[in-house]
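Dear colleague,

Please find below the structure that I am handing over to you. My notes on what was found in it follow directly after.

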Amino acid sequence: MTSHRRSVFITGAAAGIGRATALTFARNGFVVGGYDLDEVGLKSLSDEIEQIGGTAHVGHLDVTDPDEMAQRLGEFVGAAGNRLDVLINNAGILRAGRFEEMELGGHFKEIDINAKGVVNGLHTAFPYLRQTPNSVAVNLASASAIYGQAELANYSATKFFVRGVTEALDLEWNRYGIRVIAMWPLYVQTAMTDSVKTGTTDSLGIRLTAQDIADAILAATEPSRLRRAIHQVHFPVGSQAKVLATGARFSPGWLTRLVNKRLAHS
Ligand SMILES: NC(=O)c1ccc[n+]([C@@H]2O[C@H](COP(=O)([O-])OP(=O)(O)OC[C@H]3O[C@@H](n4cnc5c(N)ncnc54)[C@H](O)[C@@H]3O)[C@@H](O)[C@H]2O)c1
């Protein structure tokens with residue numbers, strides 16, 4: 001039997017944006033599935049959701065592991081009444097520094113989690129999204145997918161990957177009634193950016209909170225009539241990301257490069 005309550009499956013839910021998003025969806029009546037490597041963080045998330053009267057299912061998940069993804073998604077959809085309204089591919093890591101000075105293995109790990117992890121989530125969740133009317137897959141891209149970012153070259157490239165797979169699947173999965181969208185925040189105050197110091201963190205600051213992104217994700221999954229009509233796929237979060245995204249769309253390549261060079265002090 002299908003449940004009346006909507007459900008959301010969130011990767012990287014123990015901390016930061018994923019955690020704020022899990023709590024926000026719980027407050028809005030969703031059955032929440034929160035998955036992460038950090039089981040201590042997940043336990044406290046589950047307790048907090050129960051305290052506010054919500055329902056949470058949590059469990060260990062490494063997004064790079066296809067078997068574990070299949071297991072956790074299957075369990076969650078079963079427990080949530082055979083529906084998957086929202087999938088949020090949020091888990092990610094960021095390594096900042098000069099590309100050639102960083103370990104190659106670290107670059108590969110970033111690709112495994114940020115790019116392959118998203119493919120794993122999308123591919124495994126597809127049958128559940130297809131069986132749920134008006135379902136949405138949300139991928140965490142970043143403002144670093146607007147133009148390649150100095151000192152974040154590999155991270156930024158993984159977010160271009162997320163941008164590409166989102167645009168393509170939005171087209172492909174339209175026939176099944178599945179929306180596929182990407183969130184594009186600029187820097188957010190989470191553990192991810194705690195010790196990050198680059199030219200752009202200096203020039204632009206780290207202004208957004210995890211709650212800002214959580215609110216934007218919830219709003220993006222329940223679009224206004226206008227957004228639905230124009231079929232919005234990318235959702236920049238915060239005024240800086242909106243200005244940079246709009247600027248890059250309308251300015252010539254040389255000007256976009258110059259702006260990014262100046263912002264990165266490179
Ligand atoms: N913080 C920012 O400035 C910012 C800006 C734009 C986009 N984003 C994106 O938002 C997402 C969340 O970032 P955040 O700032 O909340 O980071 P965070 O470091 O605060 O939290 C990330 C969570 O993902 C989990 N995680 C890491 N590797 C995992 C794996 N292999 N499998 C499952 N879980 C794993 C971590 O344990 C952690 O709980 C990421 O995709 C990130 O790239 C962040």
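**Salt bridges, a cavity and the ligand**

At 29% relative accessibility, aspartate 47 counts as partly exposed, because partly exposed residues fall between 20% and 50%. Please bear in mind that this is a predicted model.

Aspartate 47 has a charged partner, lysine 43, with which it forms a salt bridge; the closest N and O atoms are 2.8 Å apart. Both residues belong to helix 2 (residues 39–51), and because they are 4 residues apart there, about one helical turn separates them. Lysine 43 is likewise partly exposed, its relative accessible area being 49%. As a general point, side chains of opposite charge can pair when their charged atoms come close.

This pair belongs to a wider set, as the structure holds 9 salt bridges. A further one joins glutamate 68 to arginine 72, where the closest N and O atoms are 3.6 Å apart. These two residues lie in helix 3 (residues 66–79), 4 residues apart, or about one turn of the helix. Glutamate 68 counts as buried, at 15% relative accessibility, and arginine 72 is buried too, with a relative accessible area of 16%. The cut-off that matters here is 20%: both values are under it, so both residues are classed as buried. Glu68 and Arg72 are also linked with Glu75 in a network of salt bridges.

Which parts of the chain does the salt bridge between glutamate 222 and arginine 6 link? The side chains of glutamate 222 and arginine 6 meet at 2.9 Å, N to O. This pair links distant parts of the chain, its members being 216 residues apart. Glutamate 222 sits in the loop between helix 7 (210–221) and helix 8 (225–230), while arginine 6 is in the segment before strand 1 (7–11). Both ends are partly exposed: glutamate 222 has a relative accessibility of 38%, and arginine 6 has one of 34%.

I turn next to enclosed space. A search of the whole structure finds 1 cavity of 30 Å³ or more, and about 40 Å³ of space lies in the largest cavity. Two elements give two or more residues to its lining, namely helix 4 (104–130) and helix 5 (153–173). Helix 5 gives the most, with 3 residues. Among the lining residues are Arg95, Phe99, Met102, His107, Glu110, Ala153, Asn154 and Tyr155. By type, the lining divides into 5 nonpolar, 3 polar and 3 charged residues.

Finally, there is the ligand. How many residues surround the ligand, and which are the closest? The ligand is surrounded by 27 residues, the closest being Asp36, Asn90, Tyr155, Val188 and Thr190. Tyr155 is therefore named twice in this message, as it is also one of the residues that line the largest cavity.

Three contacts with the ligand involve polar atoms, as follows.

- Threonine 190 has a polar side-chain atom 2.5 Å from an oxygen atom of the ligand.
- Valine 188 has a polar backbone atom 2.7 Å from an oxygen atom of the ligand.
- Valine 63 has a backbone N or O atom 3.0 Å from a nitrogen atom of the ligand.

In these contacts, threonine 190 takes part through its side chain, whereas valine 188 and valine 63 take part through their backbone.

With kind regards

Definitions and conventions
Residues are numbered from 1 along each chain as its sequence is written. This is a predicted model: local features need pLDDT of at least 70, side-chain atom pairs count only at pLDDT 80 or more; totals for chains, interfaces and linings use all residues. Side-chain values use heavy atoms; hydrogens and water are left out. A salt bridge is a side-chain nitrogen of Lys or Arg within 4 Å of a carboxyl oxygen of Asp or Glu. Buried means under 20% relative accessible area, exposed over 50%, partly exposed in between (1.4 Å probe, protein chains only). On a 1 Å grid over the protein atoms alone, a cavity is a set of points where a 1.4 Å probe fits but cannot get out, and a pocket is an open set with protein on both sides within 12 Å along at least five of seven lines; lining residues have an atom within 4 Å of a point. Grid points are joined across faces, edges and corners, and a volume is the space filled by probe spheres set on the points. Ala, Val, Leu, Ile, Met, Phe, Trp, Tyr, Cys and Pro count as nonpolar, Asp, Glu, Lys and Arg as charged, and the others, Gly among them, as polar. A residue is near a molecule or strand if one of its heavy atoms lies within 4 Å of it. A polar contact is a pair of N or O atoms within 3.5 Å; within protein, one must be able to donate a hydrogen and the other to accept it, and residues adjacent in sequence count only if both atoms are side-chain atoms.
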